[in-house]
Amino acid sequence: MTIAIERITLEEFLKRPETKPASEYIEGEIIQKPMPKTKHSLLQLRSCNEINCVTETPKIAYAFPELRCTFGGRSIVPDVAVLLWEQIQFDENGEPLDDVLIAPYWAIEILSPQQSSNRVTKKIIHCLQHNCQLGWLVDPGDRSILVFLPNQQPQFCEGSDVVPVPEMIPLKITAEQVFSWLRMQA
């Protein structure tokens with residue numbers, strides 16, 4: 001059986017209505033993200049909260065969940081997109097503009113059971129090729145975080161390993177601490 005893949009331009013894709021869950025435009029194809037489940041949602045929420053707790057008031061950066069970022073011929077929606085404060089464009093009311101046309105400074109992807117780790121890794125690599133400075137691939141299945149930095153080999157973090165964050169973000173966290181966010185009851 002052959003499955004026809006619809007190919008459209010990025011401009012055509014951006015004119016379409018948003019889908020739930022979000023669809024991404026990668027290499028001429030529309031790929032819908034899987035519907036997040038509880039652990040994915042909890043890791044996404046806590047990642048944003050922990051980062052914003054130390055970055056929002058001093059206006060260092062801001063972590064956005066499911067923020068569409070269009071750059072390098074693609075339109076992707078990282079699970080968490082961290083933008084430096086100076087990367088955020090604001091309107092005359094001090095509110096952020098809706099369209100983000102740059103790669104996030106730090107992209108966090110949380111692997112869902114039905115996702116291909118290689119496809120998600122490819123998204124992180126695309127971000128790094130367009131000025132992203134850090135990528136995390138969080139795998140709740142084996143409690144590990146694969147860290148991507150520009151022009152370096154990936155770094156595998158688990159247990160008590162300190163997971164790299166951008167140097168201007170005052171956050172020291174281990175892989176074990178990240179996955180402790182999943183424990184909602186003692």
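Helices and strands are here runs assigned by DSSP, numbered from the N terminus, with at least four residues for a helix and at least two for a strand. With that convention in hand, a good place to start is proline 21, which sits in the loop between α1 (10–15) and β1 (23–26). The model is a predicted one, and in it the peptide bond between lysine 20 and proline 21 is cis, with omega at about -5°. As background, most peptide bonds are trans.

Stepping back to the whole chain, four helices and 10 strands can be followed along it. Read from the N terminus, their order is α-β-β-α-β-β-β-β-β-α-β-β-β-α. The C-alpha trace spans about 50 × 45 × 35 Å along its principal axes. The radius of gyration is 17 Å, which agrees with the value near 16 Å that a compact globule of 186 residues would have. Of the 186 residues, 46% are buried. Contacts also reach across the sequence: taking those between residues at least 6 apart, 50% join residues at least 24 apart.

The surface of the chain can be described in similar terms. About 10,800 Å² is exposed, and carbon and sulfur atoms supply 51% of this area. The chain carries 17 positive and 24 negative side chains, and the centres of these two sets lie 6 Å apart.

Towards the later part of the strand order, β9 (residues 144–148) has pairing partners in both β8 and β10. Strand β8 (residues 134–139) runs antiparallel to β9, and five bridges join the two. Within this pairing, valine 138 has isoleucine 145 of β9 as its bridge partner. Strand β10 (residues 155–158) is also antiparallel to β9, joined to it by four bridges; here valine 147 stands opposite glutamine 155 of β10. Strand β9 itself is mostly covered, with four of its five residues buried. In a regular strand, side chains alternate between the two faces of the sheet.

Both pairings are hairpins, and each turn holds a residue worth a closer look. Between β8 and β9 there are four residues, and arginine 143 lies in this turn. Its phi is near 55°, a positive value in a residue other than glycine. The turn between β9 and β10 has six residues and includes asparagine 151, whose phi is likewise near 55° and positive. For comparison, most residues other than glycine have a negative phi. As for surroundings, arginine 143 counts as partly exposed because its relative accessibility is 35%, while asparagine 151, at 84%, counts as exposed; the cut-off for exposed is over 50%.

A contrasting case is found in another loop, the one between β5 (74–76) and β6 (80–84), where aspartate 79 is placed. Aspartate 79 has a relative accessible area of 2% and is therefore buried, the cut-off being under 20%. Beyond its neighbours within four places in sequence, aspartate 79 is in contact with Lys33, His40, Gln44, Phe64, Pro65, Glu66, Ile108, Glu109 and Ile110. Serine 41 offers another way to place this residue: the two are 38 residues apart along the chain, yet their C-alpha atoms are separated by 9.1 Å.

Terms used:
Residues are numbered from 1 along each chain as its sequence is written. This is a predicted model: local features need pLDDT of at least 70, side-chain atom pairs count only at pLDDT 80 or more; totals for chains, interfaces and linings use all residues. Side-chain values use heavy atoms; hydrogens and water are left out. The radius of gyration is taken over C-alpha atoms; the globule rule is 2.2 Å times the number of residues to the power 0.38. Buried means under 20% relative accessible area, exposed over 50%, partly exposed in between (1.4 Å probe, protein chains only). Contact means heavy atoms within 4.5 Å. Accessible areas come from the Shrake-Rupley method with a 1.4 Å probe; for residues, only the protein chains shown count as cover. Lys and Arg count as positive and Asp and Glu as negative; His and the chain ends are not counted. The place of a charge is taken as NZ of Lys, CZ of Arg, CG of Asp or CD of Glu. Two strands pair if DSSP finds at least two bridges between them.
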